[in-house]
Amino acid sequence: MGRARRFRWYHLALPLVAVALPFALYYMAEPVRAVHRVGDEWLPDEGEYAGAAACRDCHADIYAKQLASSHANTVRDLSRSKPHAPFGTGQKVPDPLTGAEYQMALVQGRPTLQVTLGGQKVSHPVGYEFGSGYHAFGYLLRLDEQEWVDARLNWYRRPNAWGFTSTQEKPQAHLSSQPLGRPNDAIRAAQCFQCHSTVLRAQGVGKPPMDGSQLRLRPEKSDLTITCEACHGPMGRHVVERRQRLPVQPRSRWSADELNQVCGRCHGIKDINPSHPVVARFQPYGLSRSRCFLASGGAMNCNTCHDPHDNASRDAVFYNERCLHCHGTTPPTAIPKTPRVQARPCPVNPKAGCTGCHMPVDSTSMPHTTFTDHFIRPLPRK
């Protein structure tokens, strides 16, 4: 009889590798494609993107203004760039109900969220920083292909400190298994990137079901932050036409409702509960309910008061002029590209104080943050 062959571990490993390798190669070779959300579906984006720099040749002033705005500074990959918030200050945020202490620290130079409870510590590197910082910075942690975490700590401009993220102020059931914050799947993470990026790219695009559950996000291959094509759509063809002096396909102008829908994709206009406690955060929704908008005959839209390529003005006089353009007996100044609809002057103060009375400031929508309620309406006098 021959000697029995001795079993080695690699005798089992080799068949497993032979089976797994084709799948691994398939996923590695699967193309990274642009994706966008339409309703509840995530669909392939078939357009050709030119990149914001291509717009500079013909729109230099607008390009420079937009690039300096908050929209162009809405998300950062912290594996490639420094955070804007002050990590490593040593500030600890205690949870009075559980005794856990939260801290945003620098660990070997990498931004990291740490949680300490009863001598035990849990930590994970912070992946992405969201926001311009005018109000706050929020954070996503990436655990694996399909698992993300909405960090429980935000940095707030007022009071210039770390604090619990909106809706995560109180302990919730998921903290027993995920103490770092609220667990998110790829679909929820994609929603975050969709509104803070010009082009979101992923693998698994176009594979059913189209609800986004097949997506494997590739933020590192996406065009992060909001630039020209986030609102105007892919302009690759337009740029080629201009550079080759070909006839340019005319683009129809948006109606007031269509323009508000574009802003509302991220600032909120659909599927909103009017009694929701944070409804003031959804400015296009509030505007769409306002009599000023409904009675304007399509003359009023988000651009009536806001330059989409620049930061919103903080000057009350500026907004009074917009209101008096229609509600004043004599408009104080002519506003370019803004048709005037003769409206009733305010019986209480026909010359000033418009927004203070009819667009109150809301401080309940988000911790340490105020929003202007865009549901324009007469309010009870105090």
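This report describes the fold composition, the internal spaces and a set of individual residues of one predicted protein model.

**Overall composition**

The protein chain contains 10 helices and 18 strands. Along the principal axes, its C-alpha atoms fill a box of roughly 110 × 65 × 35 Å. Of the 382 residues in the protein chain, 38% are buried. The exposed area of the protein chain comes to about 22,700 Å², with carbon and sulfur atoms supplying 56% of it. Among contacts with a separation of 6 or more, 54% are between residues 24 or more positions apart.

**The second largest pocket**

The second largest pocket holds about 210 Å³ of space. Two elements give two or more residues each to its lining: strand S6 (110-117) and strand S7 (120-125). The lining of this pocket is made up of Thr98, Ala100, Tyr102, Val115, Leu117, Gln120, Val122, Arg152, Leu175, Ser176 and Pro179. By class, the residues of this lining are 7 nonpolar, 3 polar and 1 charged.

**The cavity and the loop before S15**

The structure has 1 cavity of 30 Å³ or more. The space in the largest cavity is about 40 Å³. Its lining consists of Trp42, Gly204, Gly206, Lys207, Pro209, Met210, Gly212, Ser213, Gln214 and Leu215. These lining residues divide into 4 nonpolar, 5 polar and 1 charged.

One of the lining residues, Pro209, sits in the loop between strand S14 (197-203) and S15. The peptide bond that joins Pro208 and Pro209 is cis, with omega about -5°.

Strand S15 (residues 216-217) includes Arg216. Is Arg216 buried or exposed? Arg216 has a relative accessible area of 9%, and therefore counts as buried. The side chain of Arg216 makes a polar contact of 2.4 Å with the side chain of Glu30.

**Backbone geometry in loops and after H5**

A second cis peptide bond to describe here joins Arg158 and Pro159, with omega about 25°. Pro159 is placed in the loop between strand S11 (153-156) and strand S12 (161-164).

Positive phi values occur at the residues tabulated below.

| Residue | Phi | Place |
|---|---|---|
| Gln108 | near 55° | loop between strand S5 (101-107) and S6 |
| Thr167 | about 75° | loop between S12 and strand S13 (181-185) |
| Arg245 | near 55° | follows H5 |

Neither Gln108 nor Thr167 is a glycine. Gln108 has a relative accessibility of 84% and so counts as exposed. For Thr167 the relative accessibility is 48%, so this residue counts as partly exposed.

**Helix H5**

Which residues of helix H5 (residues 236-243) are buried? The buried residues of this helix are Gly236, Val239 and Glu241. An α-helix has 3.6 residues a turn, so residues three or four places apart point the same way. The cover over the buried residues of H5 includes helix H4 (228-232). After H5 comes Arg245, whose phi is positive.

**Gly181 in strand S13**

Gly181 belongs to strand S13. Its relative accessible area is 0%, and for this reason Gly181 counts as buried. What does Gly181 touch, not counting residues up to four places away in sequence? With those left out, Gly181 touches Val149, Asp150, Ala151, Arg152, Gln168, His174 and Leu175. Among these residues, Arg152 and Leu175 also belong to the lining of the second largest pocket. A further C-alpha separation is that of Gly181 and Leu141, which stand 40 residues apart along the chain and have C-alpha atoms 9.1 Å apart.

**Summary of the local features**

The second largest pocket has S6 and S7 as the elements that give two or more residues to its lining, while the lining of the largest cavity includes Pro209 from the loop between S14 and S15. The buried residues described individually include Arg216, at 9% relative accessible area, and Gly181, at 0%. Gln108, by contrast, is exposed.

Note on methods
Residues numbered from 1 in each chain as written. Predicted model: local features only at pLDDT ≥ 70, side-chain atom pairs only at ≥ 80, totals over all residues. Heavy atoms only, no water. 1 Å grid on protein atoms, 1.4 Å probe; cavity = no way out; pocket = protein on both sides within 12 Å on 5 of 7 lines; lining within 4 Å. Points joined across faces, edges and corners; volume = space filled by probe spheres on them. Helix = DSSP H or I, 4+ residues; strand = E, 2+ residues; numbered from the N terminus. Nonpolar A, V, L, I, M, F, W, Y, C, P; charged D, E, K, R; others polar. Buried < 20%, exposed > 50% of the residue type's maximum accessible area, 1.4 Å probe, protein only. Contact = heavy atoms within 4.5 Å. Areas by Shrake-Rupley, 256 points an atom, 1.4 Å probe, with all protein chains shown as cover. Polar contact = N/O pair within 3.5 Å; in protein donor to acceptor, adjacent residues only side chain to side chain.
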